[in-house]
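Trainee: I should like to go through this structure and ask what stands behind each term applied to it.

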Amino acid sequence: MRIILTGASGFVGCNIAKVMTDHHGDDVFAERVDMTNRTEIESHIDEHEPDAIVHCAILNDWDLMYSDRHLAWDSYVGATRNYMVAAEEREIPCVLVSTDFVFDGTRGNYLETDVPNPVNFYGFLKAASEVVALEHNGIVARVSGVNGQHWARPTTPRAQDPGFGYFVASLVDALEAGNTFTVWEGPELNSRASPSLASMCGEVIRTAAATEGTAGSIFHCCGSEAVTRRQLAEAACKVFSLDPGLLRFGPAPASELEGKRFPHDSSLSAVATSERLGTPLPTVEELLKGFLHERLTGQLADLR
Ligand SMILES: NC(=O)c1ccc[n+]([C@@H]2O[C@H](COP(=O)([O-])OP(=O)(O)OC[C@H]3O[C@@H](n4cnc5c(N)ncnc54)[C@H](OP(=O)(O)O)[C@@H]3O)[C@@H](O)[C@H]2O)c1
């Protein structure tokens, strides 16, 4: 397939790009085009005439998002509209990469059909973007608890944060260097989620884009199990053969939480997605083994 992918220099995007090229032989057009500029987007699409678009880019700066809300709106909802309208006019599928943070986290095990109720501005912007996508026959792919290799950068770009993203890489980096790692715990954090491997998300997203009849649908990209931060840390120690004695447990620094809210249990069910697309539902252990394989070999894990 010929695919335009936004955000390919980012963590999730570089995994989607690698899956498309290495596993499927796709032609991926990932030049950075300002996602808020409709004219540039349309000429980029017409230049490459793709069979599908995957919109993965985001303004990933919480402080800027909160301080310039017009910019944030244009970068999330406006950018999604730019790609969705262009794709609809050209009658090609367009996938919006979304998040488990569209849910309020009061219950967990959310289904693809459950109604979002975000508790923070990021979740609100993504939920609004989902509405735009679905109203233009787009496809929504929610990723959650994303861990894995960052193929576009040599080292882990971020440390632990109140979500589950990058959690395993930051823990493994610390323990491999012989340092302790404090697993943040507390009701104000994203405390339970459904981990995924970024490359596995790429497979589900690529399958959703390539499958007939998926327009207007929502898919969940994650494994079969929901875990707490502590359970994920302990599972990572086991799979990566690291000393669990180096783990500490404690509250997150106050600066990480001030004025912010996070969904407590944002875990997703991906059973319906798996049944519809034929995509796998790996256990947490299988996902972590996939990450270990990617880290050791520099090659994609194959969880298909
Ligand atoms: N990582 C997670 O744990 C996680 C969890 C749930 C959902 N997601 C979703 O996954 C997607 C990707 O997230 P990520 O963590 O991979 O983000 P990331 O690593 O911060 O990457 C963001 C990407 O967006 C691009 N970008 C930023 N501003 C842009 C603009 N104005 N025009 C065009 N491109 C722009 C960046 O390009 P430059 O580098 O050139 O600025 C970069 O490629 C998002 O939709 C996010 O909501 C991620």
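Mentor: Let us begin with H150, which has a relative accessible area of 9%. This is a predicted model, in which local features need pLDDT of at least 70, side-chain atom pairs count only at pLDDT 80 or more, and totals for chains, interfaces and linings use all residues. Residues are numbered from 1 along each chain as its sequence is written, and side-chain values use heavy atoms, with hydrogens and water left out.

Trainee: Why is H150 called buried?

Mentor: Buried means under 20% relative accessible area, exposed over 50%, and partly exposed in between (1.4 Å probe, protein chains only). H150 has 9%, so it is buried. H150 belongs to the loop between β6 (146-147) and α6 (167-176); helices (H or I, at least four residues) and strands (E, at least two) are DSSP runs, numbered from the N terminus. The C-alpha atoms of H150 and S9 are 9.1 Å apart, although 141 residues separate the two along the chain.

Trainee: Y166 lies in that loop too. Is Y166 buried or exposed?

Mentor: Its relative accessible area is 11%, so Y166 is buried. Y166 also has a positive phi of about 65° although it is not a glycine.

Trainee: N137 likewise has a positive phi of about 65° without being a glycine. What makes N137 partly exposed?

Mentor: The value for N137 is 46%, which falls between the two limits, and therefore N137 counts as partly exposed. N137 is found in the loop between α5 (121-135) and β5 (139-143).

Trainee: What makes α6 mostly covered?

Mentor: Of its 10 residues, 8 are buried: F167, V168, A169, S170, L171, V172, A174 and L175. Their cover includes β6, β7 (181-184), α8 (229-239), β12 (247-250) and α11 (284-297), where contact means heavy atoms within 4.5 Å. After α6 comes G178, with a positive phi near 80°.

Trainee: How do you know that S9 has a polar contact with the ligand?

Mentor: A polar contact is a pair of N or O atoms within 3.5 Å; within protein, one must be able to donate a hydrogen and the other to accept it, and residues adjacent in sequence count only if both atoms are side-chain atoms. A polar side-chain atom of S9 is 2.7 Å from an oxygen atom of the ligand, so the pair qualifies. A backbone N or O atom of F11 lies 2.9 Å from a ligand oxygen atom, and a side-chain N or O atom of D34 is 3.3 Å from a ligand nitrogen atom.

Trainee: Which elements give two or more residues to the shell around the ligand?

Mentor: They are α1 (11-24), β4 (94-99) and α5. The largest share, 3 residues, comes from β4.

Trainee: How do you know that C56 is in no disulfide?

Mentor: A disulfide is a pair of cysteine sulfur atoms within 2.5 Å. The cysteine sulfur nearest to that of C56 belongs to C14 and is 9.0 Å away, so C56 is in no disulfide. C56 is also buried, with a relative accessible area of 12%.

Trainee: Why is C222 not bonded to C221?

Mentor: The sulfur of C221, the closest cysteine sulfur to that of C222, is 7.6 Å away, which is too far for a bond. C222 is buried as well, at 1% relative accessible area. A search of the whole structure finds 0 disulfides.
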